[in-house]
Amino acid sequence: MMRYSRLLIPTLRDDPSDAETVSHKLMLRAGLIRKVAAGVYSLLPLGLRVLSRVEKIVREEMDHAGAQEILLPALQPSGLWEETGRWQKYGKELMRLKDRHQRDFCLGPTHEEVITDLLRNEVRSYKQLPLNLYQIQTKFRDEIRPRFGLMRGREFIMKDAYSFDADLSEAEKTYELMYKAYQNIFQRVGLDFRAVEADSGLIGGSSSHEFMVLAQTGEDAIVSCQQCDYAANMEQAEVVATETGLDTGETIPQIESVSTPGYQSVEDVSAFFKVSSDKLLKTLVFIADEKPYAVLVRGDHEINEVKLKKYLNAGELALADKKTLISVTNGPPGFSGPVALKGMEIIADQSVIPGVPYVVGANQKDTHLQYAVAGRDFVVDHFSDLRNVVSDDVCPRCGGLISIDRGIEVGHVFMLGTKYSEAMNATFLDQQGKSQYFVMGCYGIGVSRIIAAAIEQNNDEKGILWPRQIAPFDVEVIPMQEKKEAVMQAAIDISKSLQNQGYNVLLEDRKERAGVKFNDADLLGIPIQIVIGERDLKSGFVEIKQRKSGEKALTPLAEILETLSKIYGNVV
């Protein structure tokens, strides 16, 4: 057992002013973490205990899936990253530094290059495959805006695994094995989560899934079907084309220029023309690999830049700056439109329908065009799915209704294929003695982020409601009159008995008022509180309180273990 008085648990009564999310506030108030610098935190004893329990579950499931634990260096030479081109592509999030000899290094945000270099030097034959290697280690990313405590830090704990197979079919089996291992991990840590199709981003590869913890405070939007198991993140979610044109025979007026002084926003322009926002077209100019493109999307929709970047097969994509926009459209920002636009391709989202009249910008200050029709007044070079899903869209798999929830990414699995092995010439000899590239996968879990996500999903107005599997302690024993020898001795005896049965026990032995003890106990969120009072003890009883439900019950001393066993199901 651990004595409260011997632990560093610096609780706070009030919410810190710089904490925005529930988890950030409660982790500071409950004394789990303390800030060192922006996005950099120290883990205090309770925080580390939770982290250790999460790591234990992760290790057990990874080992069960056949992965082997290793430890790779955080400090990585630039030469390995230059082989894959990521030294240039990764951007400012990569923590770069020089040693005393002015050689370039980085603090690793991930370890694809290092692990590929290791395997290309150590594995020669198909007989040594498959291999799946993982580590739990500190990662570094120079976030432009670190925030939300452990949710988005510049230094964090991550489990990353890398698989190496002889061919794609074997790699797919490994991917499925890791997918199931991740499901087991998040179920065991007690999280309500959803696995969603995802974009591969800077890691790359042919396919990927994110594991999202459902929480209203989540940074990411999760798209899911109300009828089938389809789920994707907003970047990856498909949109089914359901829009149709005008009824046959409907007359469309000729295009008309209208003065709209000061009207630029969708809301203002819609109100001015007395039409709904789906009758407006936004014209956005993007620069993709130094080439401009005009991209059209309805006023009630938003462009999905990940989809657009994929469609254009672009390495770099960004909205045109003001100077570039004026140069290519000959008009001011806020009034761009597709009519008479020259010198660039026009790409439209598939919801933009030829034959339907829209309000568009006129590429002139304070001017819009009414009744602009694709195919009559302007030409669209290409149509594609380029927008974000909205809640009234239909499922691309079964046609059911789409729901959009908020979530926190806690895990990501990638099918890398030969992206890194080809770039780094990492090969092995197959059964015919021919040289082949390793087929790779990679699998990450934000171990420290799980702590924050668990709190976001499990809290009330009093504090944290830890899932039993990752709580810093299973039981908190609270003697109410610690100065009474019989009460304190009973608390010690009960604590030792529970500890001997495998429970992690915190003994509240501080000389504090009852209100302070109860408030701190609720703040810390240990699942079970055993309250020992002199009067109940004389009658042979203690009070057992379940923190999450608030349920209280007087329990005979002889039945404490039996009662805890019923609550927990099994001994911890």
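Of the 572 residues of the chain, what percentage count as buried? In this predicted model, the share of residues that count as buried is 51%. The chain is built from 15 helices and 32 strands, and its C-alpha atoms fill a box of roughly 95 × 70 × 50 Å when the box is taken along the principal axes.

A simple piece of this architecture, and a convenient place to begin, is found where strand E2 (residues 33-37) pairs with strand E3 (residues 40-43) in the antiparallel sense, over 4 bridges. Two of the residue partnerships can be followed by eye: Ile-33 has Leu-43 as its bridge partner in E3, and Arg-34 has Ser-42 as its partner in that strand. The two strands form a hairpin with 2 residues between them, and in the turn Gly-39 has a positive phi of about 75°.

Positive phi values also occur at residues other than glycine, and two of them deserve a look. Phe-148, which lies in the loop between E8 and strand E9 (155-165), has a phi near 65°. Tyr-371 likewise has a positive phi, near 65°, but this residue is found within a strand, E20 (residues 367-373). Are these two residues buried or exposed, or does either fall in between? Phe-148 counts as buried because its relative accessibility is 14%, which is under the 20% cut-off, whereas Tyr-371, with a relative accessible area of 25%, is partly exposed because that value lies between the 20% and 50% limits. A further backbone feature is the peptide bond from Leu-129 to Pro-130, which is cis, with omega near 0°; Pro-130 is placed in the loop between helix H5 (112-122) and strand E8 (131-140).

The aromatic side chains offer another way through the fold. A pair of aromatic rings is described by the distance of the centres and the angle of the planes. How many aromatic pairs does the structure hold? There are 13 aromatic pairs in the structure. One of them is formed by Tyr-175 and Tyr-443, whose rings are 6.4 Å apart centre to centre, with 55° between the planes, an arrangement described as tilted. This pair links distant parts of the chain, since Tyr-175 belongs to helix H6 (residues 168-188) and Tyr-443 to strand E25 (residues 439-446), 268 residues apart. Both partners can be judged by the same kind of value: Tyr-175 is buried because its relative accessible area is 8%, under the 20% cut-off, and Tyr-443 is buried because its relative accessibility is 1%. Elsewhere among the aromatic residues, ring pairs join Tyr-179, Tyr-182, Phe-186, Phe-193 and Phe-211 into a cluster.

Aromatic rings also meet charged side chains in this model. Arg-49 lies over the face of Phe-473, at 4.0 Å from the ring centre, and Arg-510 lies over the face of Tyr-4, at 3.8 Å from the ring centre. Where does Phe-473 sit in the chain? Phe-473 has its place in the loop between strand E27 (463-464) and strand E28 (475-479). Although Phe-473 is in a loop, the residue counts as buried because its relative accessibility is 1%, under the 20% cut-off. As a guide to its position, the C-alpha atom of Phe-473 is separated by 23 Å from that of Met-158, and these two residues are 315 residues apart along the chain.

The last stop is the empty space inside the protein. Rolling a probe the size of a water molecule over the atoms shows where empty space is left. A search of the whole structure finds 1 cavity of 30 Å³ or more, and the largest cavity has a volume of about 40 Å³. Which residues line the largest cavity? The lining consists of Thr-21, Phe-148, Met-151, Thr-217, Gly-218, Glu-219, Asp-220, Gly-407, Ile-408, Glu-409 and Arg-449. Phe-148, already met for its positive phi, is therefore one of the residues to find when tracing this wall, and it is also a residue that counts as buried. Strand E22 (residues 402-417) provides the largest share of the lining, with 3 residues. By residue type, the lining divides into 3 nonpolar, 4 polar and 4 charged residues.

Methods:
Residues numbered from 1 in each chain as written. Predicted model: local features only at pLDDT ≥ 70, side-chain atom pairs only at ≥ 80, totals over all residues. Heavy atoms only, no water. Phe/Tyr/Trp six-rings, centres within 6.5 Å; stacked < 30°, edge-to-face > 60°. Buried < 20%, exposed > 50% of the residue type's maximum accessible area, 1.4 Å probe, protein only. Lys NZ or Arg CZ within 6 Å of the ring centre and 35° of its normal. 1 Å grid on protein atoms, 1.4 Å probe; cavity = no way out; pocket = protein on both sides within 12 Å on 5 of 7 lines; lining within 4 Å. Points joined across faces, edges and corners; volume = space filled by probe spheres on them. Nonpolar A, V, L, I, M, F, W, Y, C, P; charged D, E, K, R; others polar. Pairing = 2+ DSSP bridges.
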